[in-house]
Amino acid sequence: MRPVPGSTGGRRHGRDFDRFRWTAGSLSKILRTPTLMGHRVHRGKTVRDAEGSPVLIGPPLLTEAEFQALQDTLDARSNGIHPQRRTTSLLIGVAHCAGCNGRMYFATRKAYAYGDYACRASARGTTCAAPAAIRAGWLDDYTVSRYREAVAVDGEVTRERLLRDGVRVTVAKGRSGGGPERLAGPDTSRLTFTVGSSGP
């Protein structure tokens, strides 16, 4: 059933949503588009006519000076807080989604200094009934701590070592909302840790 016209939902990627969530990424796209100046935009860039002037699609919400001031403020606030992209994350092949039993992969988060491990069922062309996601640093620390307790190992804990010993951590989907305590660390009731198990 399609969302009612005028609702806060809509259709995206072939699916109907009753309500879209505001995210830092979506808000950033809105605040950075030259459409705010009334410009026609293609692939994020202003479309210009033969004389180099912007092609307009309507009255501007911001003047050029106001738009540039906004970009300067956004750049200043985001400077240096983007997470480093990882070539190989610690828990690839170790972390799995409880909803579909598939591997979880590291994903950066725009405007945040951390990334997440997230279910990628859609990228595999399948559907997950309860896709899980969790802050990567939290899951790394939890897994290494549990591994050290179980194996009594010293030295660096590497992905190869975890895979060799059959370590597997399964993450269930978390609840939305919650108080300040949800920012203090992972909800360990969502996590299942095993050693010596064979993955799919």
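## Helix α3 and what comes after it

Right after α3 comes A152, and its phi is positive, near 55°. Keep in mind that this is a predicted model. The helix itself covers residues 136–151. With 16 residues at 1.5 Å a residue, α3 should span 22 Å, and its end C-alpha atoms are indeed 22 Å apart, so expectation and model agree.

Which residues of α3 are buried? The list runs A136, W138, L139, D140, Y142, T143, V144 and Y147. W138 has a charged partner as well: R135 lies over the face of its ring, 4.3 Å from the ring centre.

## Cysteines without a bond

How many disulfides turn up in a search of the whole structure? The count is 0. A disulfide is a covalent bond between the sulfur atoms of two cysteines, and the cut-off used here is 2.5 Å between the sulfurs.

Take C97 to begin with. The closest cysteine sulfur to its own belongs to C128, at 3.7 Å, so the two are too far apart for a bond. C97 is buried, with a relative accessible area of 0%. For C119, the closest cysteine sulfur is in C100, at 3.7 Å, and that is again too far for a bond. C119 counts as buried, at 14% relative accessibility.

## The aromatic pair

Searching the whole structure for aromatic pairs gives 1. The partners are F106 and Y117, arranged edge-to-face, with 6.2 Å centre to centre and 75° between the planes. The pair links distant parts of the chain: F106 belongs to strand β6 (residues 104–108) and Y117 to strand β7, with their positions 11 residues apart in sequence.

Are these two rings' residues buried or exposed? Y117 is buried, with a relative accessible area of 0%. F106 also counts as buried, at 17% relative accessibility, because the limit for that label is under 20%.

## T126 in its loop

Where does T126 sit? You'll find T126 in the loop between β7 (115–119) and β8 (133–135). T126 is partly exposed, with a relative accessible area of 41%.

T126 also brings us back to one of the cysteines. T126 and C100 are 26 residues apart in sequence, and their C-alpha atoms are 9.0 Å apart in space. C100 is the residue that holds the closest cysteine sulfur to that of C119.

Key
Residues numbered from 1 in each chain as written. Predicted model: local features only at pLDDT ≥ 70, side-chain atom pairs only at ≥ 80, totals over all residues. Heavy atoms only, no water. Helix = DSSP H or I, 4+ residues; strand = E, 2+ residues; numbered from the N terminus. Buried < 20%, exposed > 50% of the residue type's maximum accessible area, 1.4 Å probe, protein only. Phe/Tyr/Trp six-rings, centres within 6.5 Å; stacked < 30°, edge-to-face > 60°. Lys NZ or Arg CZ within 6 Å of the ring centre and 35° of its normal. Expected span 1.5 Å × (residues − 1).
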